[in-house]
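Work through the exercises below with the sequence and the model in view. Try each task before reading its solution.

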Amino acid sequence: MRIDLVTLVVAEYDPAIAFFTEVLGFELVEDKPSLTNDGRPKRWVVVRPPGGGTGLLLARADGERQEGAVGDQTAGRVGFFLQVDDFDATYRRMVEAKVEFVRPPRTESYGRVAVFRDLAGNPWDLLGPA
């Protein structure tokens, strides 16, 4: 048993795809036309870190309530964790790509960590070995 996908509500598909693939280095696994429950067009968009693992279903906000969740999926708490093998190289690459870091790198008992925001403002931990 494993968690295959986690939904991330986004404002628009294409900027989200660009952020996760071009900035974070995820792979675009699926981008297919689909329909909402009431028959309106949408897309089924899945991105995953290289090599697999749990993917993100990028779901365009549909309606006022979902639009309010964009950038605040976890009520301001870090809710997403990106584990990398080379923390320093990944951190430098993300800084060069103008990713917003809200807490600088530090060393904790579990390794290196820095907090960044995705394109919508959701906080993430960038994690690596100590």
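The exercises go from the whole chain to its two sheets and the helices.

This is a predicted model, in which local features need pLDDT of at least 70, side-chain atom pairs count only at pLDDT 80 or more, and totals for chains, interfaces and linings use all residues. Residues are numbered from 1 along each chain as its sequence is written, and side-chain values use heavy atoms, with hydrogens and water left out.

**Exercise 1. The chain as a whole**

Task: list the elements of the chain in order and judge its radius of gyration against the globule rule.

Solution. Step one is to assign elements: helices (H or I, at least four residues) and strands (E, at least two) are DSSP runs, numbered from the N terminus. The chain has 3 helices and 8 strands. Read from the N terminus, the order is β-α-β-β-β-α-β-α-β-β-β.

Step two is the radius of gyration, taken over C-alpha atoms; the globule rule is 2.2 Å times the number of residues to the power 0.38. The chain has a value of 15 Å, close to the 14 Å from the rule for 130 residues, so it is as compact as a globular protein of that length. Its C-alpha atoms fill a box of roughly 50 × 30 × 30 Å along the principal axes.

Step three is burial, where buried means under 20% relative accessible area, exposed over 50%, and partly exposed in between (1.4 Å probe, protein chains only). Of the 130 residues, 34% are buried.

**Exercise 2. The sheet with β1 to β4**

Task: give the strand order of the sheet that contains β1, and find what α1 touches.

Solution. Two strands pair if DSSP finds at least two bridges between them. On this basis the order is β1-β4-β3-β2, an open sheet of 4 strands with mixed pairing. The edges are β1 (5-10) and β2 (27-35); each has a single partner strand, so one side of each lacks a neighbour in the sheet. From one strand to the next the twist averages 25 degrees. For such angles, axes are lines fitted to C-alpha atoms, for helices over the stretch in contact, and angles run from 0 to 180 degrees between N-to-C directions.

Next take the pair β2 and β3 (residues 41-48), which run antiparallel and are joined by 8 bridges. In this pair E27 stands opposite R48. Helix α1 packs on the sheet, touching β1, β2, β3 and β4 (55-60), and its direction makes about 5 degrees with that of β3. Contact here means heavy atoms within 4.5 Å.

Last, look at α1 (residues 13-23): its buried residues are Y13, A16, I17, F19, F20 and V23. Just after α1, G25 has a positive phi of about 85 degrees.

**Exercise 3. The sheet with β5 to β8**

Task: give the strand order of the sheet that contains β5, then say which residues of β8 are buried.

Solution. The order is β5-β8-β7-β6, again with mixed pairing in an open sheet of 4 strands. Here β5 (80-83) and β6 (100-108) are the edges, each with a single partner strand, so one side of each has no neighbour in the sheet. The average twist between successive strands is 20 degrees.

Now compare the partners of β8. With β5 the pairing is parallel over 4 bridges; F80 stands opposite W124, and L126 is the bridge partner of L82. With β7 the pairing is antiparallel over 6 bridges, and R117 stands opposite P123. β7 and β8 form a hairpin with 5 residues between them, and G121 in the turn has a positive phi of about 110 degrees.

Then check the faces. In β5, F80 and L82 point to one face and are buried, whereas F81 and Q83 point to the other and are not. In β8, P123, D125 and L127 point one way and W124, L126 and G128 the other, and all are buried. With 6 of its 6 residues buried, β8 is therefore largely enclosed by the rest of the structure.

**Exercise 4. The two sides of α3**

Task: sort residues of α3 into buried and exposed, and find what the buried ones pack against.

Solution. In α3 (residues 87-96) the buried residues are F87, T90 and M94. They cover an arc of only 70 degrees around the axis, which puts them on the same side of α3; the arc is that of the directions from the helix axis to the C-beta atoms. On the other side, R92 and E96 are exposed. The buried residues of α3 pack against β6, β7 (111-117) and β8. After α3 comes K98, with a positive phi near 70 degrees.
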